[in-house]
Amino acid sequence: MSFINDPIGFLAEWITNFLSGFLPEAWVIFIVTLLGVIITASFGLIIVIFLIWLERKIAARFQDRLGPNRAGPYGLLQTFADMIKLITKEDVVPEKADKLTFNIAPILSVVAVLLIWAVVPFAPGWIGTDLNVGVLYIAAVGSFGILSILMAGWSSNNKYALLGAFRAVAQLISYEVPMLITLMVPVLLARDMGMMTIVESQNLWYIALAPISAIIFMVSSIAEVGRTPFDLIEAESEIVAGYHTEYTGMKFGMFFAAEFLHAFTIGVIFAILFLGGWRGPGAEEFRLLGVVYLMLKGLLGYFIVMWVRSTLPRIRIDHMLAFNWKFLTPLSLMLLVMTAILDKIFGDTALRLPLLLAGNVLVLFLGWLALRWASRRQTKTRRVFKKRPVAKPA
Amino acid sequence: MLSNWIFVGIFISIAAVFPLLPIVLARFLAPRKPNPIKLDTYECGMETVGDTWVQFKVQYYIYALVFLVFDIETVFLFPWAVAFDVLPLFAVLEGVLFIVILVGGLLYAWRKGALEWA
């Protein structure tokens, strides 16, 4: 194993050899694990600094502005300037707030997102830890994020914050349902919950086998992050800033960073589950290339999130919940059933791809029919209303 | 297997240190000049009226209940998806039947108006 092919594996081996000279084996394993943790966790945090700049720049382009361009070349140092600003801002904790919960919530929100990176496969052999229940772990850790929002909203003792937290409960847990169900489709196709196995089994990207599931996963993930059009939990024109109304300084900064990192993380998870993760020409040989592929695919997902954000307006809460429970959930259940039956019967034959694709198109068609039926019914009920008497000039 | 979870355990503690550092740093660098008005609840400049921690709309709770059903369903279905290769077609159809029963539950909640925002 040479340095160019596998720099991290090479370094890990070197450190292990170096340390085992004078330390017992358990300590060596502990230190190497610790180093692995620090590398994986700081990777996520370093990338968020870059992401904030990228998002502001791209959002500015969408709105025909220039975006940050003063601090450093192309405004690259803007995030550092913002960090210094946030650190030197006074940290106000409202008197009526539940102090302990209030202080824990921003930390928990970052931890929840960062924990997902523990199971992200960067390249062959490069993974924080290859849990055999990786997908379930992502779903479980994702729920921590909801908890942190609830804690923040409740402990602020502010009515706007509480409203934001209530909306978050309704929205995030509702959209968790289609997300979990569509997460099951790649698990079904790979027959394994480990993230590494899911990537390795994608000789054909799963977006080809399950395009509609991929779209549903993307939509419900955007709702999980709480980005526009699903940003009701922090709708600034209705409830000030939602759950983080009372937060100032670095604690607000933590919520901010967690949201950006979460948006990119779902892009990466989308890439892993549906776009083949690190797979690409030469990735097996030069593992750094695998990281590059994964990041590019993840940025593609992130770009879609930003694109949707700058295109669509916020939707109303009853529409949002109806869209989830009455459309996305039945549709994703149908997709799961269809994929399970077709994959069981035709899984090993050449018919797998065309049949699954045809099944996806069929489910999409059924969904479209249902939407058309619902909209027709709505117009019909609207017509039933009595005509109002019109004032006539005498 | 155990070492995987040791990794996750270390990860949780390290991940908590990262956001904690800037917050602690801010505690030393940031000014602290509290006054009663600053520490009051923020409400667009008005003084707050009434208690915040009150009983609120029950609809949120009903959504949480429906969610719970589906959350548990997925926990049951994940092992089914993992063991897909060794399952005979009959067992797969049994899993499908399980989903159909749950869809029945969803339809029931729908008819009962639990999914309406009203």
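The following conversation goes through salt bridges, one helix, two domains and a chain interface in a predicted model.

Biologist: What should I keep in mind about the model and its numbering?

Modeller: This is a predicted model in which local features need pLDDT of at least 70 and side-chain atom pairs count only at pLDDT 80 or more, while totals for chains, interfaces and linings use all residues. Residues are numbered from 1 along each chain as its sequence is written, chains are lettered from A and ligands numbered from 1 in the order in which they are written, and side-chain values use heavy atoms, with hydrogens and water left out.

Biologist: What makes A:Arg227 and A:Glu55 a salt bridge?

Modeller: A salt bridge is a side-chain nitrogen of Lys or Arg within 4 Å of a carboxyl oxygen of Asp or Glu, and the side chains of A:Arg227 and A:Glu55 come to 2.9 Å, N to O, so the pair fits that definition. A:Arg227 lies in the loop between helix H9 (211–225) and helix H10 (236–239) of chain A, whereas A:Glu55 lies in helix H2 (residues 25–62) of chain A, so the pair ties together parts that are 172 residues apart in sequence. Helices here are DSSP runs (H or I, at least four residues), numbered from the N terminus.

Biologist: Why is A:Glu55 called buried?

Modeller: Buried means under 20% relative accessible area, exposed over 50%, and partly exposed in between, with a 1.4 Å probe and protein chains only. A:Glu55 has a relative accessibility of 1%, so it counts as buried, and A:Arg227, also at 1%, counts as buried too.

Biologist: Which arginine of helix H12 does A:Glu55 meet in a salt bridge, and what follows for the chain?

Modeller: A:Glu55 meets A:Arg309 in a salt bridge of 2.4 Å, N to O. A:Arg309 lies in helix H12 (residues 287–311) of chain A, so this pair ties together parts that are 254 residues apart in sequence. A:Arg309 has 35% relative accessibility, so it counts as partly exposed.

Biologist: How do you know that A:Arg56 and A:Asp82 link distant parts of the chain?

Modeller: Their side chains meet in a salt bridge at 2.8 Å, N to O, with A:Arg56 in helix H2 of chain A and A:Asp82 in helix H3 (residues 78–87) of chain A, 26 residues apart. Salt bridges that share partners also join A:Glu55, A:Arg227, A:Glu259 and A:Arg309 into one network, and the count over all chains comes to eight salt bridges.

Biologist: How do you know that helix H11 of chain A is close to its expected span?

Modeller: The expected span of a helix is 1.5 Å times one less than its number of residues. Helix H11 (residues 249–274) of chain A has 26 residues and reaches 38 Å from its first C-alpha to its last, close to the 38 Å expected. Of those 26 residues, 24 are buried, so H11(A) is largely enclosed by the rest of the structure. Just after H11(A), A:Gly276 takes a positive phi of about 80°.

Biologist: What makes up the contact between the two domains of chain A?

Modeller: An automatic or database domain assignment gives the bounds, and it divides chain A into domain 1 (1–88) and domain 2 (93–371). Their centres, taken over C-alpha atoms, are separated by 22 Å. Contact means heavy atoms within 4.5 Å, and by that rule 21 residues from domain 1 of chain A and 27 residues from domain 2 of chain A take part. Buried area is the accessible area (1.4 Å probe) that two parts lose on being put together, summed over both; for these domains the value is about 2200 Å², of which carbon and sulfur atoms give 80%. A:Glu55, A:Phe62 and A:Leu86 supply 27% of the area that domain 1 of chain A buries against domain 2 of chain A, more than any other three residues.

Biologist: How many residues of chain B are in contact with chain A, and how much area is buried between the chains?

Modeller: In chain B, 67 residues are in contact with 81 residues of chain A, and the two chains bury about 6900 Å² between them, 78% of it on carbon and sulfur atoms. B:Phe11, B:Trp53 and B:Phe78 lose the most area to chain A in chain B, together 12% of what that side buries. One salt bridge is counted between the chains: B:Asp85 pairs with A:Arg191, and their closest N and O atoms are 2.8 Å apart.

Methods
Helices (H or I, at least four residues) and strands (E, at least two) are DSSP runs, numbered from the N terminus.
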